[in-house]
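Biologist: I am new to this structure. Please take me through one part of it closely, and then show me how that part sits in the rest.

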Amino acid sequence: MPARHRKVSPLKNPDRPYLALGLEGSANKLGAGIIKHAIDGSTSVLSNIRHTYITPPGEGFLPRDTAKHHRDWALKVIRDALDQAGLSMADLDCICYTKGPGMGAPLQSVALVARTLSLLYGKPLVGVNHCVGHIEMGRDITGAQNPIVLYVSGGNTQVIAYSRQCYRIFGETLDIAVGNCLDRFARVINLSNDPSPGYNIEQEAKKGKRLVPLPYTTKGMDISLSGILTSIEAYVTDKRYRSDGSDGDDIITPADLCFSLQETVYAMLVEITERAMAHVGSKEVLIVGGVGCNEQLQAMMGIMARERGGKVFTADERFCIDNGIMIAQAGLLSYRMGHHTPLAQSTCTQRFRTDEVHVAWRI
């Protein structure tokens with residue numbers, strides 16, 4: 001993987017190179033990545049290894065089984081990350097891990113691995129907010145300066161703007177996250193979970209021809225998705241629904257439903273993002289999180305941004321989907337500001353708000 005470079009600002013350039021290992025495991029992706037902050041202020045991705053727990057079609061991933069997957073694969077993923085970077089544990093300055101938010105059992109498994117490595121090799125720990133990890137990696141990879149952030153993933157949906165060393169949440173889902181909505185509908189129509197339900201919905205939606213009516217539920221800066229999910233699930237039992245490839249003017253297909261779900265939900269996300277842009281006066285949008293890989297969401301957001309004279313920034317699937325390198329980046333920024341997590345406080349939590357983090361490395 002080619003190294004990525006951008007100035008780490010407004011931190012002062014380090015007096016020596018800094019290296020961090022990041023461990024991510026808040027859901028079904030187990031990731032390990034190593035990042036380097038060089039003396040000239042540039043950052044380099046030295047490795048970014050990931051292994052995904054995939055369940056059969058129609059099934060989600062249970063916390064217990066996901067945690068077992070992470071325990072089974074942790075050593076291999078970490079060894080591969082070190083080998084790809086050409087480093088040993090002794091070379092690292094710190095070990096960063098996802099403190100939350102996420103699923104309890106998988107988070108605990110990865111935190112246990114991080115604590116064990118810290119004790120074995122005498123390296124300081126840095127607990128990282130998963131959402132802030134996405135934002136900081138997105139900023140570094142794309143070069144976005146001070147964007148409105150749309151954070152969309154399996155467990156989170158937030159519109160965020162930075163102010164006074166805090167990522168402020170302007171709007172969010174009032175119930176389920178966008179990724180969770182997509183995943184649950186994929187199970188209803190029995191789509192594969194490989195490589196991900198959201199990706200397979202996106203491919204199916206490209207074949208859709210009919211836009212079926214669905215609730216459009218924005219409430220100020222917030223959105224609600226549970227009603228949309230209930231409504232689209234009802235179409236599966238409609239007498240016009242056909243899953244066998246039938247076609248006709250009165251037929252509703254799985255592709256039609258995938259198309260309709262995407263168009264409706266993404267229009268809602270574009271609307272609340274535009275409101276945040278108008279409020280802040282920003283011309284930049286940064287889309288992060290696993291759902292941020294969706295090309296239709298990127299296209300719809302791009303149309304809105306161009307109409308406002310702005311620009312959309314996105315990362316590819318290596319950095320959009322949950323990964324260890326984003327945890328390493330946010331953790332190393334925090335570590336260079338003098339922060340570390342004492343062993344006695346190296347816990348994890350399923351609920352950890354983006355706006356609870358002191359973003360000390362930004363002005």
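Modeller: What follows is a walk through one annotated site and its surroundings. Keep in mind that the model is predicted.

Start with the record. UniProt, in an unreviewed entry, places a "binding site" at His130, His134, Tyr151 and Asp322. These positions are spread over 193 residues of sequence, yet they cluster in space. The largest C-alpha distance among them is 12.0 Å.

Take His134 to begin with. His134 sits in helix α3, which covers residues 130–142. Is His134 buried or exposed? His134 counts as buried, because its relative accessible area is 1%, and the cut-off for buried is under 20%. Now look at what surrounds His134. Setting aside neighbours within four places in sequence, His134 is in contact with Tyr151, Val288, Gly289, Phe319, Cys320, Ile321, Asp322 and Met326. Two of the annotated positions, Tyr151 and Asp322, are therefore among the contacts of His134.

Tyr151 comes next. Tyr151 belongs to strand β6, residues 148–152. Tyr151 is buried too, with a relative accessible area of 0%. Beyond four places in sequence, Tyr151 is in contact with His130, Cys131, His134, Asn156, Thr157, Gln158, Ile160, Val288 and Gly289. One of these contacts is polar: the side chains of Tyr151 and His130 meet at 3.5 Å. Val288 and Gly289 appear in the list for His134, and they appear in the list for Tyr151.

Tyr151 also leads to another annotation. For "binding site", again in an unreviewed entry, UniProt lists Tyr151, Val152, Ser153, Gly154, Gly155, Asp183, Gly198, Glu202 and Asn294. Look at two of these. Gly155 lies in the loop between β6 and β7, where β7 is residues 157–162. Gly155 counts as exposed, because its relative accessibility is 58%, and exposed means over 50%. Asp183 is placed in helix α4. Asp183 touches Pro197 and Gly198, leaving out residues up to four places away in sequence. Gly198 is itself on that UniProt list.

Now step back to the whole chain. The protein is divided into domain 1 (18–137 + 320–345) and domain 2 (145–317). Their contact takes 17 residues from domain 1 and 22 residues from domain 2. By these bounds, His134 falls in domain 1 and Tyr151 falls in domain 2. The C-alpha centres of the two domains lie 27 Å apart. The size of an interface is often given as the accessible area lost when the parts come together. Here domain 1 and domain 2 bury about 1600 Å² between them. Of that area, 60% is on carbon and sulfur atoms.

Compare the site with places elsewhere. Asp175 is in the loop between β8 (167–172) and α4 (178–188). The C-alpha atoms of Asp175 and His134 are separated by 21 Å, and the two residues are 41 residues apart along the chain. Asp175 is partly exposed, with a relative accessible area of 32%. With neighbours within four places left aside, Asp175 is in contact with Ser224, Leu225 and Ser226. The side chains of Asp175 and Ser224 are joined by a polar contact of 2.5 Å.

His69 is another place to visit. His69 lies in helix α1, residues 63–85. His69 is buried, at a relative accessible area of 7%. Not counting residues up to four places away, His69 touches Asn28, Leu30, His51, Thr52 and Tyr53.

Last, the cysteines. A disulfide is a covalent bond between the sulfur atoms of two cysteines. How many disulfides does a search of the whole structure find? The search finds zero. Distance shows why for Cys166: the closest cysteine sulfur, in Cys131, is 12 Å from its own, too far for a bond. Cys166 is buried, at 10% relative accessibility. For Cys348, the closest cysteine sulfur is also in Cys131, at 15 Å, so that pair is too far for a bond. Cys348 is partly exposed, with a relative accessible area of 24%. Cys131 brings us back to the site, since Cys131 is one of the residues in contact with Tyr151.

Conventions
Residues numbered from 1 in each chain as written. Predicted model: local features only at pLDDT ≥ 70, side-chain atom pairs only at ≥ 80, totals over all residues. Heavy atoms only, no water. UniProt positions renumbered as here; feature names shortened; annotations may be inferred. Helix = DSSP H or I, 4+ residues; strand = E, 2+ residues; numbered from the N terminus. Buried < 20%, exposed > 50% of the residue type's maximum accessible area, 1.4 Å probe, protein only. Contact = heavy atoms within 4.5 Å. Polar contact = N/O pair within 3.5 Å; in protein donor to acceptor, adjacent residues only side chain to side chain. Disulfide = S-S within 2.5 Å. Domains from an automatic or database assignment. Buried area = accessible area lost by both parts, 1.4 Å probe.
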